[in-house]
Amino acid sequence: MQDEEIESVVLVEEDIVLVVPTNHTYGGETSISLSVVANEPFISLADNKEYSRFTTMLCEKAGFLPNHAFEVDSHTLLEIIRLNQGVVLLPISVCRTLGLRYVKIADESAIYPISLSWVKQKWLSPAVREFRDFITSYYEDHAGLFKVE
């Protein structure tokens, strides 16, 4: 259901990828279906409930509930990944920024929309409008950063 008071624009639909331990069986794959890793221990983000619900939904669509071995904040996530303690579903841009090894997810639903919203009837200052336009342009100009090549 869409809120009539809110105006939104989807900035980009970012690819979600599977981060695997360095010595993982599927580490050499270029693409993988989530159902293949149904029995793997999953690492999830404790400080982003919306994203956690999204990744759980991805797993459910693949036919399983993820076995959450660790639920960590975003600061601890990188350390747990480096300790090879499980797999994690992350946006491709995060993997690129952190230099993480990942495998493309073959499932079509592994795309996370990034949106910008504002109140329709509320006056927006020139600075706010300029910021909105800057953000929109940034995502248009850098769309490739959010897709697996």
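These legends describe close-up views of a predicted model.

**Figure 1. The whole protein chain.** The protein chain has 4 helices and 7 strands. From the N terminus on, the order is β-β-β-α-β-α-β-α-β-β-α. The C-alpha trace spans about 55 × 30 × 30 Å along its principal axes. Of the 149 residues in the chain, 39% are buried. Among contacts with a separation of 6 or more, 82% are between residues 24 or more positions apart.

**Figure 2. Strand E1 and its partners E6 and E7.** Strand E1 covers residues 6-19. E1 pairs with strand E6 (residues 102-105) in the antiparallel sense, over 3 bridges. Within E6, Tyr102 stands opposite Val19. E1 is also joined to E7 by 9 bridges, and these two strands run antiparallel. Here the bridge partner of Val12 is Ile114, in E7.

**Figure 3. Strand E2 beside E6.** Strand E2 is made of residues 31-32. E2 and E6 run parallel and are joined by 2 bridges. Ile32 stands opposite Ile105 in E6. Ile32 and Ile105 are also among the residues that Leu18 touches.

**Figure 4. The two faces of strand E7.** Side chains alternate along E7. Tyr112, Ile114, Leu116 and Trp118 point to one face and are buried. Ile111, Pro113, Ser115, Ser117 and Val119 point to the other face and are not buried. This follows a general pattern: in a regular strand the side chains alternate between the two faces of the sheet. One residue of the buried face, Ile114, is the bridge partner of Val12.

**Figure 5. The buried face of helix H2.** Helix H2 spans residues 74-82, and its buried residues are Leu77, Leu78, Ile80 and Ile81. Seen down the helix axis, these residues fall within an arc of 165 degrees, so they line one face of H2. An α-helix has 3.6 residues a turn, so residues three or four places apart point the same way. His75 and Arg82 lie on the other side of H2 and are exposed. The cover over the buried residues of H2 includes E1, strand E3 (41-45), strand E4 (67-72), strand E5 (88-91) and helix H3 (92-98).

**Figure 6. The two ends of helix H2.** Which residue caps the N-terminal end of H2? Asp73 does, with a side-chain oxygen 2.8 Å from the backbone nitrogen of Thr76. Asn84 follows H2 and has a positive phi, near 55 degrees.

**Figure 7. The largest nonpolar core.** This core holds 43 residues. Ile16, Leu18, Leu34, Leu77, Ile81, Leu89 and Leu90 touch the most other members. E1 gives the largest share of the core, 6 residues. Two of the helix H2 residues seen in Figure 5, Leu77 and Ile81, are buried and are listed among these most-connected members. In soluble globular proteins, nonpolar side chains tend to be buried together.

**Figure 8. The surroundings of Leu18.** Leaving out residues up to four places away in sequence, Leu18 touches Ile32, Leu34, Val37, Val87, Val88, Leu89, Arg101, Tyr102, Val103 and Ile105. Of these contacts, Tyr102 stands opposite Val19, and Ile105 stands opposite Ile32.

**Figure 9. Cys59 and Cys95.** How many disulfides does a search of the whole structure find? The search finds 0. Cys59 is in no disulfide, and the nearest cysteine sulfur, that of Cys95, is 15 Å away. That distance is too far for a bond, because a disulfide needs sulfur atoms within 2.5 Å. Cys59 is buried, with a relative accessible area of 1%. Cys95 also counts as buried, at 1% relative accessibility.

**Figure 10. Trp123 in its loop.** Trp123 is found in the loop between strand E7 (111-119) and helix H4 (126-141). Is Trp123 buried or exposed? Trp123 is exposed, because its relative accessible area of 64% is over the 50% cut-off. Glu71 is 52 residues away along the chain, and the C-alpha atoms of Trp123 and Glu71 are separated by 40 Å.

**Figure 11. Val128 in helix H4.** Val128 lies in helix H4. At 41% relative accessibility, Val128 counts as partly exposed. Its C-alpha atom is separated by 27 Å from that of Pro91, 37 residues apart along the chain.

Definitions and conventions: Residues numbered from 1 in each chain as written. Predicted model: local features only at pLDDT ≥ 70, side-chain atom pairs only at ≥ 80, totals over all residues. Heavy atoms only, no water. Pairing = 2+ DSSP bridges. Buried < 20%, exposed > 50% of the residue type's maximum accessible area, 1.4 Å probe, protein only. Arc of directions from axis to C-beta. Contact = heavy atoms within 4.5 Å. Polar contact = N/O pair within 3.5 Å; in protein donor to acceptor, adjacent residues only side chain to side chain. Core = buried A, V, L, I, M, F, W, Y, C linked by side-chain atoms within 4.5 Å.
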